[in-house]
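Reader: I should like to examine the reasoning behind the terms applied to this model. Please set each value against its definition.

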Amino acid sequence: MLKAHYPLERFSSIRTPFYYYDMALLRETLEAIRAQVANRPAWKVHYAVKANHNPVILKQIASAGLGADCVSGGEIQAALDAGFAPESIVFAGVGKADWEIILGLKAGIGRFNIESTAEMRVIAQIAAERGVVAPVSIRVNPDIGAHTLAGITTGLAENKFGIFHGQVEEVIREILSLPSLSYCGLHFHIGSQILEMEDFAALCNRINSICEQLENRRLPVGDINVGGGLGIEYGHPNHLPIANFQAYFNTFSELLPPRYPLHFELGRSIVASCGSLIARVLYVKEGLAKKFAVLDAGMNDLLRPALYHSIHRIENLSSDGKETIYDVVGPVCESSDVFGKGIVLNECHRGDLIAIRSAGAYGESMASQYNCRPLARSVFSE
Ligand SMILES: *Cc1c(COP(=O)(O)O)cnc(C)c1O
């Protein structure tokens, strides 16, 4: 069975479970993005901090010159601490608290992506009280579906995100009337783990029709933030470790007119592949009809399989034994604490090291201490 190369000798002395990050792969991924945007000076890529806010990861991404896409005051602070330029920080989220808005204004972040008229008026008031002007874009709900896991579509009318696309015009007019707001552009985000470029093409079509309408009314469009959502190949981390950035960026350059400066907000596709959750087999349990490999990592360490029924490739790093079928489970007292059912692994024994692949995005950042379990620490390839 094909496996990634890990420093097993080094691993033998580290307490499991832990997150392991391949920093060379992260840099390669950032370089692949740079190669796509280098000759497109009006484009800006922001990293979606919620995918992974580990300070070492953030610093690497900041040093590659990306901006940061934040969804909370805590993320804004983490981005500032990691060295992201304040003006490269964009701030989205349906529930921005007053202290988070104030933090963003004080830091001088580049953009508030407003998600409702109620929020727009609060930002206007807080900015006015402080004698500053808040740069805002309108997060538009484009009512575009995405072929992905049900829990992670965000651009449908039924989702809580954004301002309905039919209301954009009146909201722009109100922003233009408020002296403490400066209108900067439009923001979209249709979901996550999207591998069908047609979904992004549908978004582009919607963007074009909205912009055409605004231009017909002599209203400004500003710049366009198309959000994130590019997926990765969870089933093939060894063959396809880097997302198809070329297809992704080409979709937008082909379908949107070059006169609009474009912003992107990629999270998963930047960090997912470089991270693995490393665990040990505690027990091999013979059930009535199947075998269970019980790991010392659980859903508190990596929530995605329990939350989204998502799939991660799993490898037994310690064994070349006969390929055997297991349900790979964690120790947490929940039936949903399962990393995978019917997984083929080299025969497992107590103490074997297991890698759960492509866990760099929405892994460590979603971890909890449920069951009073300590947080898994992070280990870096260098
Ligand atoms: C989560 C999020 C992203 C990043 O999504 P990925 O699927 O990780 O690329 C981008 N923009 C916004 C507004 C988000 O909430």
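Reader: What makes the space taken by the ligand a pocket?
Author: The ligand takes the space of the largest pocket. On a 1 Å grid over the protein atoms alone, a pocket is an open set of points with protein on both sides within 12 Å along at least five of seven lines. A molecule sits in a pocket if more than half of its atoms lie within 2 Å of its grid points. The model is predicted, so local features need pLDDT of at least 70 and side-chain atom pairs count only at pLDDT 80 or more, while totals for chains, interfaces and linings use all residues. Residues are numbered from 1 along each chain as its sequence is written, and side-chain values use heavy atoms, with hydrogens and water left out.

Reader: What makes the ligand's pairs with Asp69, Gly229 and Glu265 polar contacts?
Author: A polar contact is a pair of N or O atoms within 3.5 Å. A ligand nitrogen is 2.7 Å from a side-chain N or O atom of Glu265, and a ligand nitrogen is 3.1 Å from such an atom of Asp69. At Gly229 the partner is a polar backbone atom, 2.9 Å from a ligand oxygen. Each of these distances therefore meets the cut-off. The protein covers 95% of the 390 Å² of accessible area that the ligand has on its own (Shrake-Rupley method, 1.4 Å probe).

Reader: Which residues around the ligand come nearest?
Author: Of the 14 residues around the ligand, these are Lys50, Ser192, Glu265, Arg268 and Tyr362; a residue is near if one of its heavy atoms lies within 4 Å. By class, the shell has 3 nonpolar, 6 polar and 5 charged residues, where Asp, Glu, Lys and Arg count as charged.

Reader: Why does the radius of gyration agree with a compact globule?
Author: The rule is 2.2 Å times the number of residues to the power 0.38, with the radius taken over C-alpha atoms. For 382 residues a compact globule would have a radius near 21 Å, and the protein has 22 Å, so the two agree.

Reader: What makes the bond from Thr16 to Pro17 notable?
Author: The peptide bond from Thr16 to Pro17 is cis, with omega near -5 degrees.

Terms used. A polar contact is a pair of N or O atoms within 3.5 Å; within protein, one must be able to donate a hydrogen and the other to accept it, and residues adjacent in sequence count only if both atoms are side-chain atoms. On a 1 Å grid over the protein atoms alone, a cavity is a set of points where a 1.4 Å probe fits but cannot get out, and a pocket is an open set with protein on both sides within 12 Å along at least five of seven lines; lining residues have an atom within 4 Å of a point.
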